[in-house]
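Student: I should like a close look at one part of this structure, namely the aromatic residues and the core and strands around them. Please give a single connected account.

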Amino acid sequence: MREKWFWAGIILAVLSWIGNSLYYQSKQIEHPIFLKHYYEAADDGDQYLKFYYLANREDKQDLQSVRIKDAVVFPYSQDDFMAGENNPSVEQEYTHQDLKVFTVSLKDMLSQMKNKEAFTFNKMRVVMNNGQSFTAYIGHVTIYKIYKDDKILEEQIATGSNFGDIGLFQALKPITLTSVSLPFEKETERLVSVKANTDQEALSKEAESDDPFGWTDHEKKSHSRYQTLNPHKNFSIKLKQKDWLELATRFKASTLAYCDFSVKLHGTSKGKPFVSTALVDYQPVLSQSDVDRIILRNGGGGK
């Protein structure tokens, strides 16, 4: 009788081990999954691009290099980039995966490019340190020789939150704003809204305040003074010299992409067209359910 229970226990333990192993394998991803990135950058010095991806926590393999068009780029090393920081590095740990980031030197990448003009890329060839490789679709990245900004709107105060950015600008000349545009519009207009406030009395007080925009209570701030700026519709906002413009960008809570680009404001000053830019920088805070959703969208787990 004891022998019977002994073998029954062994069988249950083996079945449990098999079940746990199958469950563990079902949660593993075949290769790193890159999140979406919507970046703009300019070739104006030592800049770095950060790319975020999910990798199995127990995997010993990691990224060795990436090919972006003509360039083969290695993640910046600790000695080259920042003392005490490994690259790639872990940003956040989850149940079965880590959110990792590797940093690429824009200068190193551009030095290998045959075409020295502005260019856009949406994928790169990733090589792992075990020799395996795969193509990663990373969103959209545009590299300019120089940003176009006619410096007619001067940003005086700027801040950001988990929801977006708000900037307070002052007109250096009398201007009329007529339209707004977003890069990668097909994707980004689904993620972010752009609003403007021209209430001069309120904005003058904000400019002088120790707590401009009421950042400590951002979510309760009234948006009744804001005008939504639609990229597909023209508008007319007239500002005198030294008038204020508050520009707010707000990302949807469901946004899982990393964004670093400019909202472009188009208008005229004394009949001449101009473009001014407002920087947008957004980094999502991923929950475990977000990670699970990203994996499912990319074909699910199971090595």
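**Aromatic residues, core and strands**

Tutor: Phe 119 is buried in this predicted model, with a relative accessible area of 9%. Phe 121 is buried as well, its relative accessible area being 4%.

The structure holds 9 aromatic pairs. One of them joins Tyr 53 to Phe 102: the ring centres are 6.3 Å apart and the planes meet at 55 degrees, so the pair is tilted. This pair links distant parts of the chain, since Tyr 53 belongs to strand β3 (residues 48-56) and Phe 102 to strand β7 (residues 97-105), 49 residues apart. Tyr 53 has a relative accessibility of 0% and therefore counts as buried. Phe 102, at 1% relative accessibility, also counts as buried. The rings of Phe 119 and Phe 121, for their part, have centres 6.2 Å apart and planes at 25 degrees; that pair is therefore stacked. The angle decides the label, because planes under 30 degrees apart count as stacked.

Tyr 53 and Phe 102 also belong to one aromatic cluster, together with Phe 34, Tyr 39 and Phe 51.

Two members of that cluster, Phe 34 and Phe 51, appear again in the largest nonpolar core. This core has 42 residues, and those with the most contacts inside it are Phe 34, Phe 51, Met 109 and Ile 143. Strand β3 gives the most to this core, with 6 residues. Ile 143 illustrates how the parts meet: beyond residues up to four places away in sequence, Ile 143 touches Phe 119 and Phe 121. Its other partners are Ala 41, Leu 49, Leu 106, Met 109, Leu 110 and Ala 118. A second, separate core of 30 residues includes Ile 152, Phe 184, Ala 196 and Phe 261.

The strands give these residues their setting. Strand β9 (residues 133-144) is joined to strand β2 (residues 37-42) by 6 bridges, and the two run parallel. Within this pairing, Tyr 39 stands opposite Val 141 in β9. Strand β8 (residues 119-128) is joined to β9 by 8 bridges, and these two run antiparallel. Here Thr 120 stands opposite Thr 142 in β9. In a regular strand the side chains alternate between the two faces of the sheet. Strands β8 and β9 form a hairpin with 4 residues between them. In its turn, Gly 131 has a positive phi of about 95 degrees.

A further strand offers a contrasting residue. Glu 155 lies in strand β10 (residues 153-160). At 41% relative accessibility, Glu 155 counts as partly exposed. Its C-alpha is 4.2 Å from that of Phe 169, although the two residues are 14 apart in sequence. Leaving aside neighbours within four places in sequence, Glu 155 is in contact with Gly 167, Leu 168 and Phe 169.

The chain as a whole provides the frame for this part. Its secondary structure comes to 5 helices and 18 strands. Of the 303 residues in the chain, 43% are buried. Among contacts with a separation of 6 or more, 72% are between residues 24 or more positions apart. The chain exposes about 17200 Å², and carbon and sulfur atoms supply 50% of that area.

Key
Residues numbered from 1 in each chain as written. Predicted model: local features only at pLDDT ≥ 70, side-chain atom pairs only at ≥ 80, totals over all residues. Heavy atoms only, no water. Phe/Tyr/Trp six-rings, centres within 6.5 Å; stacked < 30°, edge-to-face > 60°. Buried < 20%, exposed > 50% of the residue type's maximum accessible area, 1.4 Å probe, protein only. Contact = heavy atoms within 4.5 Å. Core = buried A, V, L, I, M, F, W, Y, C linked by side-chain atoms within 4.5 Å. Areas by Shrake-Rupley, 256 points an atom, 1.4 Å probe, with all protein chains shown as cover. Pairing = 2+ DSSP bridges.
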